[in-house]
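Here is a quick walk through a model, one piece at a time. Keep the viewer open and follow along.

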Amino acid sequence: MAEVAAQLYRTVRLIRRFEERAIELVGLGEIVGGIHPYLGEEAIAAGVCAALRDDDFITSTHRGHGHVLAKGADPARMMAELAGRSTGLNQGRGGSMHAADFSLGILGANAIVGANGAIATGAAWAGRHTGTDRVAVSFFGDGAVSQGVLLESFNLASLWKVPVLFVCENNRWATTMPVERSVAGSITGRAAAFGIPAVSVDGMDAEAVFEAAQAAVTRGRAGEGPSFIECHTYRFDAHHTFEHKARLRYRSNEDVAQGRSRDPVEIQGGRIPPEVRSRIDEEIEHQLEEAVKFATSSPKPSPGDPLEFLYASGLRARTGVSNA
Amino acid sequence: MPRLSYLKALGRAIGDEMERDPTVCMLGEDIGVGVANVTPGLLARFGPDRVVDTPISEQGFTSFATGAALAGLRPVIEYQIPSLLFLVFEQIANQAHKFSLMTGGQAKVPVTYIVPGSGSRTGWAGQHSDHPYSLFAHVGVKTVVPATPSDAYGLIVSAIRDDDPVVIFAPSGALGVREDVEYADLKPVPLGVGRVHREGTDVTVVAVGHLVQDALAIADELAGEISVEVFDPRTIYPFDWAGLAASIAKTGRLVVIDDSNRTCGIGAEILATAAEEMRLAAPPRRVTRPDGAVLPFALELDLACQPNRDQLVTVTREVFKSGR
């Protein structure tokens with residue numbers, strides 16, 4: 001268990017520092033378009049992905065850096081993707097909201113809230129269809145649980161006993177909308193209504209998330225169908241980095257202070273020996289220093305062929321100029 | 001020689017591909033029984049794991065198919081009603097279509113969407129009678145509108161084998177077309193290649209889907225007066241511009257008959273491209289649905305919104321006489 005504790009700490013710390021470094025690069029103009037920081041929610045990605053194998057699938061969200069890193073993506077290529085470089089995971093074609101690494105089952109982050117649940121369900125179904133015991137995880141926030149297509153995917157998953165794990169990151173704020181004003185009934189009640197076993201866990205505690213995810217993954221691999229985990233967490237930073245300039249007043253100082261009072265990095269850090277923690281911290285600083293260097297020194301894609309990859313079949317689109 | 005109906009051609013193409021490739025599976029509403037008369041027999045042949053009757057959750061099962069495709073399957077979806085494509089536009093245009101580019105070429109989404117009975121089905125009124133193929137061409141989704149049974153067969157086979165999403169419109173007005181054909185002669189028809197159904201030297205009539213039969217009929221009617229060449233693009237996107245250019249090089253005159261609403265319909269694109277890039281002896285014309293058409297219920301009103309033979313005859317004569 002000591003190894004697991006250290007591994008979970010490494011992941012939460014990596015995500016925390018990755019996001020902080022990425023925010024710096026947003027400020028410096030190296031990352032255009034900004035990011036949706038995952039700060040405060042690190043324990044969820046770390047705990048869930050620790051229960052997965054490399055060949056399992058995940059689908060992620062606009063606030064997805066943590067999921068992608070926790071599933072094992074290379075931080076340097078991830079940072080390069082955010083910076084729009086041709087060395088990025090998606091060769092600069094996806095950016096912050098679409099990072100993917102299919103070699104690790106990362107089927108992409110999705111910028112439409114609630115859209116990835118059906119995709120994960122289909123991928124998990126296909127995994128079983130082809131005779132494997134792979135599972136899929138769909139990550140989404142509290143803002144997604146009122147989207148129709150997500151609820152449709154709960155129904156399909158439960159009907160067909162699909163090995164998919166729905167993970168709701170309830171950070172209490174959908175952009176500026178508090179969960180109390182957007183969710184009638186309860187979040188776990190939505191899953192329960194479709195016959196999906198649902199639990200609520202402390203999303204600030206990587207080990208608690210890990211245990212719940214392990215149980216769900218075991219259930220999925222055994223052919224018993226989908227599971228649902230609601231993780232209670234808090235978004236420490238902005239909905240999006242544009243808020244760093246446009247100060248939006250939707251959360252009180254008390255709300256923020258209360259939300260930040262439990263920090264997943266500190267909680268997990270307190271469970272490992274200090275010398276192990278400081279060694280991991282140093283390694284991560286070095287790793288991210290290299291990642292930032294790699295990203296900012298990598299070439300930008302050539303603008304001559306902006307629609308390369310549009311068609312998997314290799315079809316080329318007409319250009320926007322007649323006879324060109 | 002067997003007489004192949006258009007509907008049987010659809011079912012035969014899907015069945016042959018399922019036989020050939022175990023990754024092909026079929027999803028849709030009431031397909032087990034075969035309410036749309038495309039899929040009878042497939043459930044008995046391939047079983048419920050490959051012929052999947054879905055609940056009425058079009059958005060859910062459309063993205064479910066995307067996920068299954070990302071995980072290696074080649075799903076075929078049947079929609080019972082053409083207007084359902086509006087409901088799943090996000091899932092096709094904004095999800096399935098975008099994965100290849102957004103992931104920098106990591107992903108392919110080989111899903112085939114079939115709409116048997118697209119366009120007006122007399123008496124089905126406003127929400128069952130749309131023909132939105134131009135909408136898919138506009139966003140760059142491969143879009144096919146076969147006019148004959150053997151083309152329907154061959155284009156579906158190619159669509160299923162294609163690595164990109166493909167939408168196939170099987171017009172209601174074409175479902176009654178029959179063709180004498182040896183089954184052994186049925187073969188794949190490549191996407192993006194048009195077909196000259198009748199050669200002519202005076203006017204090129206481009207006809208889409210079921211309107212090919214109308215174009216052939218008026219070509220007969222006008223024979224002796226005007227030599228009409230009937231060009232069927234078969235695939236709306238990508239369009240066979242070279243095939244069209246070859247026809248116009250002969251005739252120098254162009255008429256399009258297109259069951260789209262007028263503004264931004266494929267007819268508009270054909271006229272624009274011909275005007276920009278081809279030598280025309282007279283201004284090109286098009287016969288379409290009116291702008292913004294919502295098909296009214298009463299038969300007279302429904303028919304008044306659809307392009308017809310009389311209009312095509314008039315316009316073809318005018319184009320033939322103009323510009324000399």
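## A sheet in chain B

Before anything else, a word on pairing: two strands count as paired if DSSP finds at least two bridges between them. Keep in mind, too, that this is a predicted model.

With that in hand, look at chain B, where 5 strands make an open sheet in the order β9-β11-β10-β13-β14, with mixed pairing. Which strands sit at the edges? They are β9 (195–198) and β14 (285–289) of chain B, each of which pairs on one side only. On average, neighbouring strands in this sheet are turned by 25 degrees against each other, if you ignore direction.

Zoom in on the β9 edge. β9(B) runs antiparallel to strand β11 (residues 228–232) of chain B, and 3 bridges join the two. If you want a spot to click on, V196(B) stands opposite F231(B) in β11(B).

## Helices on that sheet

Now add the helices. Helix α10 (residues 241–251) of chain B lies across β9, β10 (203–207), β11 and β13 (254–261) of chain B. Its direction is at about 175 degrees to that of β11(B).

Helix α11 (residues 266–277) of chain B packs on the sheet as well, and touches β10, β13 and β14 of chain B. The direction of α11(B) makes about 150 degrees with that of β13(B).

## Two domains in chain B

Zoom out a bit. The domain assignment splits chain B into domain 1 (3–185) and domain 2 (195–321). Their C-alpha centres lie 26 Å apart, and the contact takes 28 residues from domain 1 and 22 residues from domain 2.

What does domain 1 of chain B put on the side that touches domain 2? α7 (133–139), β6 (142–144), α8 (149–161) and β7 (166–171) of chain B each supply at least two residues. α7(B) gives the most, with 5 residues. By class, that side of domain 1 of chain B divides into 14 nonpolar, 12 polar and 2 charged residues.

## A helix pair in chain A

Over in chain A, try helix α2 (residues 42–49) and helix α9 (residues 206–221). Their axes come within 7 Å and cross at roughly 40 degrees, and the crossing is right-handed.

Which residues meet here? From α2(A) there are A43(A), I44(A), A46(A), G47(A) and V48(A), which meet A206(A), E207(A), V209(A), F210(A) and A213(A) of α9(A). Sorted by class, this contact has 8 nonpolar, 1 polar and 1 charged residues.

Note on methods
Residues are numbered from 1 along each chain as its sequence is written. Chains are lettered from A and ligands numbered from 1 in the order in which they are written. This is a predicted model: local features need pLDDT of at least 70, side-chain atom pairs count only at pLDDT 80 or more; totals for chains, interfaces and linings use all residues. Axes are lines fitted to C-alpha atoms, for helices over the stretch in contact, and angles run from 0 to 180 degrees between N-to-C directions. Helices (H or I, at least four residues) and strands (E, at least two) are DSSP runs, numbered from the N terminus. A crossing is left-handed if the near helix is turned anticlockwise from the far one by less than a right angle, and right-handed if clockwise. Two residues are in contact if their C-beta atoms, placed from the backbone, lie within 7 Å. Ala, Val, Leu, Ile, Met, Phe, Trp, Tyr, Cys and Pro count as nonpolar, Asp, Glu, Lys and Arg as charged, and the others, Gly among them, as polar. Domain bounds come from an automatic or database domain assignment.
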